[in-house]
Structure formats: structure tokens, C-alpha cells
Amino acid sequence: MYRILFTVAVTLSVISNAHAQIGVGAAVPEGATQLFDGTREMLDENWTYWEGPRFAAELPIKWQVVDDPTDEGTVVSSKDPSAAGGLYGAADIVTKKKFRDFRLHVEFLITEPGGNSGVYLQNRYEIQVLDGDSTIHGMAAVINERASAYWPYNGTGDWNAYDITFRAARFEDGERMERAMVTLYFNGVKVHENAPIEKVWGGPNSGIDGGNEGGRGITDTPGGLKLQAEGHDVRYRNIWIQELNLDEPDTDF
């Protein structure tokens, strides 16, 4: 009986720890790196502007660190003046460090209806952040490839979380042999599992390789995590990443 109870206790502990690392408020696990903790210091230390074809901003980063609208502490707003009018690519911010395979946690809050931003994996593949859109271009979509999973969305004015495992495309002699792949939890609900990603959408202003063969010319150029400025006030906090080495094409977790 003791052995059975011990086994149940260990199992529940593992489940509890796993749950603690998914969803709003997820703790940074051992071995992960915090990319943004709400402070200006960490924003400037880990991030810079992406200097794509439409780049129009100037360092230091003009995304403002503001009070968290629901909790104590501070967060960052994507409302950069250089991106006013929806000029994505004009003032997007990207991590200075580049990543290959990884586990990622990002929390976001959309302040007003229609708020628009995006989370870019390897500065290529967009997981959409867009209030009010449940199409293949909408909230939690692997943009234009896997349709929106809108139902777990907490709505404007509340925090939401993406938990992602990503495997980069694989190449041999410069030729892509395996597509990038992603599994996504949205507010603790698994909404995409082992979803392959075919191309970069949005053209050259969107991200790396967006201008290559209509976005299908994926290269092995490394890229960072990018957050998109669309001229809207979308807040971000609690961003962390854990580098992985996924030999097999499996991102499920």
C-alpha cells in the first residue's frame, strides 16, 4: 500500500510540475533562460530591433515598459510609433541570440479590440496574436497554415500564454530536407501538435526568407525570437526559452 501511495504521489508531483510550466504565470524551469522579466534592463540586454527592408526605428528600443494592468510589476508594450498604421517590420524587436530547437513560453495581453502583434519563431514563422480573428490568419494560428484556435483566448484585458516546442528545418548541402515543426499550447490547451510549417508568409517585411521564392526559399540562416509591432498596444511579459536538440521530427510535449 505504501508503494502504491508513493507512486501516486510522485505521479501527481510530476503532473503538477509540468502544469506549473504551462499557461499564464508559468515558472521559469531549470535550464531555461529568461528573455524578458518586465524590466527595461532585460529588454535592452536581450533584444534589439530587426533591421529588415522596412526598418524605420532607431535604438534604443522605443517599446515602453509600463505597469502591468492586472498585476504588480511592469511589462512591455508593442506600441512603437515607427509602426503606426500597421507597418509590421518597421519596429519589430528580436532577441540578440539566435535559436535552433527550443521550448518557449510567452505571455501577452491585448488592451483593445482588434489588437494585433505576432510571435515569430526563428524570425520566420509567425504564431498570430490578433484579437477578433478566428480564421487561418487569426489568434493562435500558425499563420496561413494551421487555423486559429480561438476558444481558449481570455479576451482583451487579460493575460494569455503560448507554450511552444519548435524544431527548426533540417538541411543537407544547403537543401531543406525536413520542414520546421511546432506544437503549441494556448492557455494550457494543446491546439497544434507536430504541425509542419511550409513557408514564411508576409513577404520580405515579415521575417527572414520572406522574400525568397515567395517565402518558400527557406535557408539555414539562424534567427532569434521576434515580437511584432503593428502600431497596437499589445503587452508582453514572462518570456523564457529553453534550448533543445530534437533529433527526431517530434515536438509534442
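In which strand does Val182 lie? The views below take up this residue and others in a predicted model.

**View 1. Val182 sits in strand β12.**
Strand β12 covers residues 180-186, and Val182 is one of them. Val182 counts as buried because its relative accessibility is 0%, against a cut-off of under 20%. Ile197 is 15 residues away along the chain, yet its C-alpha atom is separated from that of Val182 by 7.7 Å. Ile197 is also a contact of Val182, with sequence neighbours within four places left aside. On that same basis, the contacts of Val182 include Leu121, Val142, Ile164, Thr165 and Phe166. The run His192, Glu193, Asn194 and Ala195 also touches Val182, as does Thr251.

**View 2. Glu126 is buried without a salt bridge.**
Glu126 belongs to strand β8, residues 125-130. What is the nearest side chain of opposite charge to Glu126? That side chain is Lys226, 8.1 Å away. A salt bridge needs a separation within 4 Å, so Glu126 has none with Lys226. Tyr120 does reach Glu126: a polar contact of 3.0 Å links the two side chains. Residues up to four places away in sequence are not counted among the contacts of Glu126. Those that are counted include Ser117, Gly118, Val119 and Tyr120. Ala141, Val142 and Ile143 touch Glu126 too, and so does Gln228.

**View 3. Strand β15 pairs with β1, β4 and β6.**
Strand β15 spans residues 234-244. Is this strand mostly covered or mostly open? Mostly covered: eight of its eleven residues are buried. Strand β6 is joined to β15 by nine bridges, and the two run antiparallel. In this pairing, Phe108 stands opposite Tyr236. Strand β1, residues 33-36, is antiparallel to β15 over three bridges. Here Phe36 faces Ile239 as its opposite residue. Strand β4, residues 74-77, also runs antiparallel to β15, with two bridges between them. Ser77 stands opposite Arg235 in β15.

**View 4. The largest nonpolar core holds 50 residues.**
Which residues touch the most other members of this core? Tyr162 and Tyr236 do. The largest share of the core is five residues, contributed by strand β6. Strand β6 runs over residues 101-110. Tyr236 links this view to the previous one: in β15, this residue stands opposite Phe108.

Terms used. Residues are numbered from 1 along each chain as its sequence is written. This is a predicted model: local features need pLDDT of at least 70, side-chain atom pairs count only at pLDDT 80 or more; totals for chains, interfaces and linings use all residues. Side-chain values use heavy atoms; hydrogens and water are left out. Helices (H or I, at least four residues) and strands (E, at least two) are DSSP runs, numbered from the N terminus. Buried means under 20% relative accessible area, exposed over 50%, partly exposed in between (1.4 Å probe, protein chains only). Lys and Arg count as positive and Asp and Glu as negative; His and the chain ends are not counted. A polar contact is a pair of N or O atoms within 3.5 Å; within protein, one must be able to donate a hydrogen and the other to accept it, and residues adjacent in sequence count only if both atoms are side-chain atoms. Contact means heavy atoms within 4.5 Å. A nonpolar core is a set of buried Ala, Val, Leu, Ile, Met, Phe, Trp, Tyr and Cys residues joined through side-chain atoms within 4.5 Å. Two strands pair if DSSP finds at least two bridges between them.
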